[in-house]
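Take a moment to look over the sequence and the structure shown here, and then follow the path laid out in the paragraphs below.

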Amino acid sequence: MKRLISALTVYQLTEMLCMLRPFTEDDVFLCSWKIWEKYPRLSESKIIRRIFSDDKVKFPRGDSFLDYLFSEKDMDVKKFDEIYVGGCQASFGIHLVEAGIPFTYFEEMAGMLSIPENLMAIDSSVDQYGVLFNPNHEKALKYGIYHGTNPLFKKVVCDYSLQKPEVLAGLEGKTVDFNLPAALRELQRDDPEFLHELCWMFNVPDSIHFDENDALVFTQYFSQLKQLTFEEHITLYQYFCDYFLNGYNLVFKPHPTDLMYYKKIFPNCEVIHQVFPSDLMPFVCNRRPALAATVWSSAIDNFGSFYDGKLKLTMDYLRSFSFAHSYFAAMEFLRFAGLTDNVCTIGVDSVHFDALARMNGYAMHKIRHCSLLAETDDDAAVVVGKADNLSASDWSGFMRRRTGAVLFLDNDGRCAFIDATRPDIDTIGVYPIRIRKIKQKDNEFYSSLEDEYLYICSSDKETLRMAVNHTMSKVLEHSGLELEVKAPATPEERRIMEIEGMLNAYRRRLKAEVEKNAVLERELTRHRGILNRRKDIQQ
Amino acid sequence: MGITSKLLNLKLRVWERYVDGNEAVRTVYNNRRVSDPAFHEKHRFRELLWLAVLILRNPKNYAPLGINRPLAGQPESAVSQRPNPEAFVNRYLSYEIASFDVFDTLLLRPFNKPDDIFALIAQKLGALDFPDARMAVEKELHTINGEITIDEIYAEIEYRLGIPKDVGIQTEFETELELIQPNPWFVRLLNLIRFMPKEIRIIAVSDMYWPAEYIRKLLDKCGFDFIDKIYVSCDYGVAKRNGELFKLVMDDAGWNARVLHIGDNRIADVRAPRGLGIDTFFYDQVSSVAKQYRPTFVSPLQASIYNGVVNSKLHATADVYAPLYEFGYVYGGLYYVGFCNWVRQAATDTGADKVLFMNETGAIAAQVFSMLFAYAPCEKLLWSNELYIRLSPLYSFASFVDTLCAAAATTAVRDVFIRNGMGEIATELAGVHLDADKPVHKNNKNRLADFLYAHRERIVLAANDEQRRYAEYLRTVIAGSGRCLLVDTLGNLKSAEIISNIVREYIDANFANEVGFADEVGFADETESAGKRITIADRLLFENKYHIFSRNHLSGNKSLFCLLSSTAEPQLGGLDAAAGPLPMLNFTLPELSNAVQAEQIRSGILDYARDYIRIFKNYPTLLNVSAADAAAPFLFAANSPEYMEYIMDCYMMREAQSE
């Protein structure tokens, strides 16, 4: 049987190698130059007999690579009995769909089928010159590739354990479960020679040494994906390590495409420099690290049971990492005021918030993350982040019936406290608490030094008294910041803080609106361009 | 038409075409005119002739307007199109050696041309003829000897100028070391290479007269202390440009090694290494990317410094800045540096121990001033146009009435009254048959005026109370100060006079206030240069301002200039009586519709000042920017209608029109 196997990422290639083994002379592999560049042993492997890569110099555009394959190598796609495609949203997948050739679809990475919006966000991002990250994004969207719904997909291979039930139900009959860690473990048991060959092919070192207190951090190449700027990428990991991994020895395992200089940012850390798929890590390390942590990496999901402690955030952290100080200050106040027993949140990154509580030892037995004001308990302490979908009247009713405290965070550009504390509810006391940031280092320092505020609203005098007396400080070693959290000492200072906070909040709201407007303008311009190009083609 | 009229017409045409229409020529001409007005008045024709000779001798320096102009339609920083280092570093996966040129690549001098540093060295050495001699010696020795060393250069300088060789070398090197700046694009790239999973050797290759040990110190200072080896032409006696120095590099590396070299010279850094099989990447010099976007200055040194700072900011990295941020940085930063230095000088000359910048438009100046002169007391004095109107009944009741009637023509009368602290009186409007909830129209406008005159006593009394409260606030501001300099950037001299009156009336009758005046275009106007405000202005650099912002050039520039002082800070709305000794200050939220834009401009201005201070902190004389030079970038921008339109569009959040 002749098979054509195309992979865009190492995860997909590893998955296909495990799932489709053994291979014969008739099996042909296509892989991206990104894989080829990192793993030159692919061409010498005993497993793979015929492999082609879209050389980045000769074929900077995907289409020319396909022309090369089909004409110069005399390869006829229709002559293959089976075709397997990972990274279908790239040019080869699009080509097959447009040619009407059925094939087996592999999800981009474990669980991605259920969160296609993350992949779409990456693919639709543009660089500084307005060039799309994935030039085929529009087509991929149109052909239902991100959701795996195109009728040409004979089978959709995905990891069931990470899928939303409704997604699997929607693709009923077509889906095939494949769990890479289970397959690798099976391989270790049934075909160790194949696993050994796989490790050799992917440059996996013979052994990796972990100590007792090591935290293994799997990174992502956020700045290269243009999801974050270079500076944000650094700041994100600095906050991540300061807030979640304090006291651990840091060991970084960068994503194979991530070339960030972690050793420079965290001088005392260890970096596993060898480039190899993280999925193969458990087979070569001497012991389990104390904690495996990641913002977003399937390596942890894949080997959840292997790692003793596990910390995984979500893609929301890419936006919420900059609110870490206010989350932390809010928790500190709740602890100081003895309000940790019953806590509700609205508009905060729940995974981030929970992880912060867990990793810093806050005994919050009952945290409920709500999306509506009505869902909160009246006597709970409510932490409010982004809540711009609520009207002033919503707030008015909410504030009147409350007995517990409300902590407004001024993050996300929508300081809800302004809407909540309109003059008609001026019976409620409001106490601002300022989070001042003091710079402690120059090297690799990109944090904002702008003050942040918490606003404590409560009808309980004792809580307000606690707010007035609340002070704390925290040194963030990796970020090079000292946080000084303090309530105003005098009524005048309090009033100034309130006005400053309101002004900042207004500015941020406005800025957010301007940015939103700019994004829409760009989108509009892009769509106009596409429309004009289509018209030109039609003419 | 008589012969005199014809001559005058001809003169006017020559003026319009060759002087007024050419920003570079106009600056020189105006400077000349103001430096000796009497002579200029008497010998106008001779002056024009002198100008013609000047242009003919240096045509490049006086290129007509149209060759150099600000970039409109997109941010200038987008032009350089540098790749992102984090993406570029991927290329190194297939190389063993990363090679870099040093000057104008890894290291940037804050000048347009490297030779301009000699002017500063000349100051240190006390040898005014040093720059020319230094350049001539280098050129001559190069022609005779080929690769030359710093020792050879200064041996010849010692012979010609009598400057001891060691002193010369040390002074030049210290100045280089002091001013050299790392190129941020390469700082990031080299650090990424340094920590790549694959070990890559990093080397530097330079055609230079400084030996490697000196270049090592320059590189170390800029954070490139991890470079493995430095190949310098003067150490080996062979150069990059003919490939000989690269042959040594390849001998060391092994001829099979894959090397990527980056540099800014198309021959020495691209063609020569390529001939030896070395891959190359051309990094265009920041100065050549931007040269068509820079204005002409009176002072060549200021021009060089300004270009060096601005070009490095906009074109060294892949960063693309917001158009309004660039506007502030490129066209407003130098103005504020010069202006604040002038204010500082004015304070010194008048013996003022504290400078007060009047709030509303003086906020940015106050921030730049604090940055430049951290040791000099300076404060933002709370004041606003609104407060001015509230206090104006005490000074001119008629103009107060006019102002209020004008405001009431567009806004409900009650709102106007409330805004001006007269909410109580507004309740009596019904008595004169005025609908308080509507604006006045031309038929009942006089009725409103009559109403105000009828309540004159109450209004004046209220204004008097408010003024007394302001005096209490003012007392706290000037406490401990013997003499203040008040800087009014509003252009509303009346405000400054009111404040002076308050000080004399309520605080200290002998308090000596001088009013340094800067109108809305930054400087006093010719026709207004009278009275005490000129006691400061006429002796100082920024006195010669009317020739920069003469009325002829104001019409279109005024609104653009206003953007340079716009801020989104809370405004003082009024003062209420409080329980304590001090009044309660009321603030109104500022105009927020352009808050983001104003913030971008402000950040640009402050960043320029910050960069300028960071680089030249040890050269305070360089802060002494003449008015002509300080205003040159702004006028350059304002003289381009396309750029003006582009910036105004960005400010007003309208989509810039595309071609």
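In this predicted model, the residue A:Y105 has A:V156, in strand 6 of chain A, as its bridge partner. That pair belongs to a longer arrangement, in which strand 5 (residues 103–106) and strand 6 (residues 153–158) of chain A pair in the parallel sense over 4 bridges. A:V156 also stands opposite A:T175, which lies in strand 7 of chain A. Another pair links these strands, for A:V157 has A:V176 in strand 7 of chain A as its bridge partner. Strand 6 and strand 7 (residues 175–177) of chain A run parallel and are joined by 3 bridges. To pass from strand 6 to strand 7, chain A goes through helix 7 (residues 165–170), and the β-α-β crossover made in this way is right-handed.

Stepping back from these pairs, one can place the strands in the sheet of chain A to which they belong. It is an open sheet of 7 strands, with parallel pairing, and its order is 3-2-1-4-5-6-7. The edges are formed by strand 3 (50–53) and strand 7 of chain A, each of which pairs on one side only. On average, neighbouring strands of this sheet are turned by 20° against each other, when direction is ignored.

Which helices lie across strand 1, strand 2, strand 4 and strand 5 of chain A? One of them is helix 1 (residues 10–20) of chain A, which lies across strand 1 (3–7), strand 2 (28–31), strand 4 (82–86) and strand 5, and which runs at about 150° to strand 1 of chain A. Helix 4 (residues 91–99) of chain A also lies across strand 1, strand 2, strand 4 and strand 5, and it runs at about 135° to strand 4 of chain A.

The sheet and these helices are part of a chain that holds 19 helices and 20 strands. Chain A has 539 residues, of which 42% count as buried. Of the contacts in chain A with a separation of 6 or more, 70% are between residues 24 or more positions apart.

Chain B can be described along similar lines. It has 30 helices and 13 strands, and of its 659 residues 41% count as buried. Among the contacts in chain B between residues at least 6 apart in sequence, 73% join residues at least 24 apart. Chain B is divided into domain 1 (3–62), domain 2 (85–287), domain 3 (330–355 + 366–380 + 479–638) and domain 4 (387–463). Between the C-alpha centres of domain 1 and domain 2 of chain B there is a distance of 44 Å.

It remains to see how the two chains touch. How many residues of chain B are in contact with chain A? There are 22 residues of chain B in contact with 20 residues of chain A. On the side of chain B that touches chain A, helix 5 (85–88), helix 10 (184–194) and helix 28 (595–616) of chain B each supply at least two residues. The largest share of that side, 3 residues, comes from helix 10 of chain B. Sorted by kind, the residues of the side of chain B that touches chain A comprise 17 nonpolar, 2 polar and 3 charged ones.

Key
Residues are numbered from 1 along each chain as its sequence is written. Chains are lettered from A and ligands numbered from 1 in the order in which they are written. This is a predicted model: local features need pLDDT of at least 70, side-chain atom pairs count only at pLDDT 80 or more; totals for chains, interfaces and linings use all residues. Two strands pair if DSSP finds at least two bridges between them. A crossover is right-handed if, with the strands pointing away from the viewer, the path from the first strand over the helix to the second runs clockwise. Domain bounds come from an automatic or database domain assignment. Two residues are in contact if their C-beta atoms, placed from the backbone, lie within 7 Å. Ala, Val, Leu, Ile, Met, Phe, Trp, Tyr, Cys and Pro count as nonpolar, Asp, Glu, Lys and Arg as charged, and the others, Gly among them, as polar. Axes are lines fitted to C-alpha atoms, for helices over the stretch in contact, and angles run from 0 to 180 degrees between N-to-C directions. A residue is buried if 20 or more other C-beta atoms lie within 10 Å of its own, exposed if 12 or fewer, and partly exposed in between; C-beta atoms are placed from the backbone.
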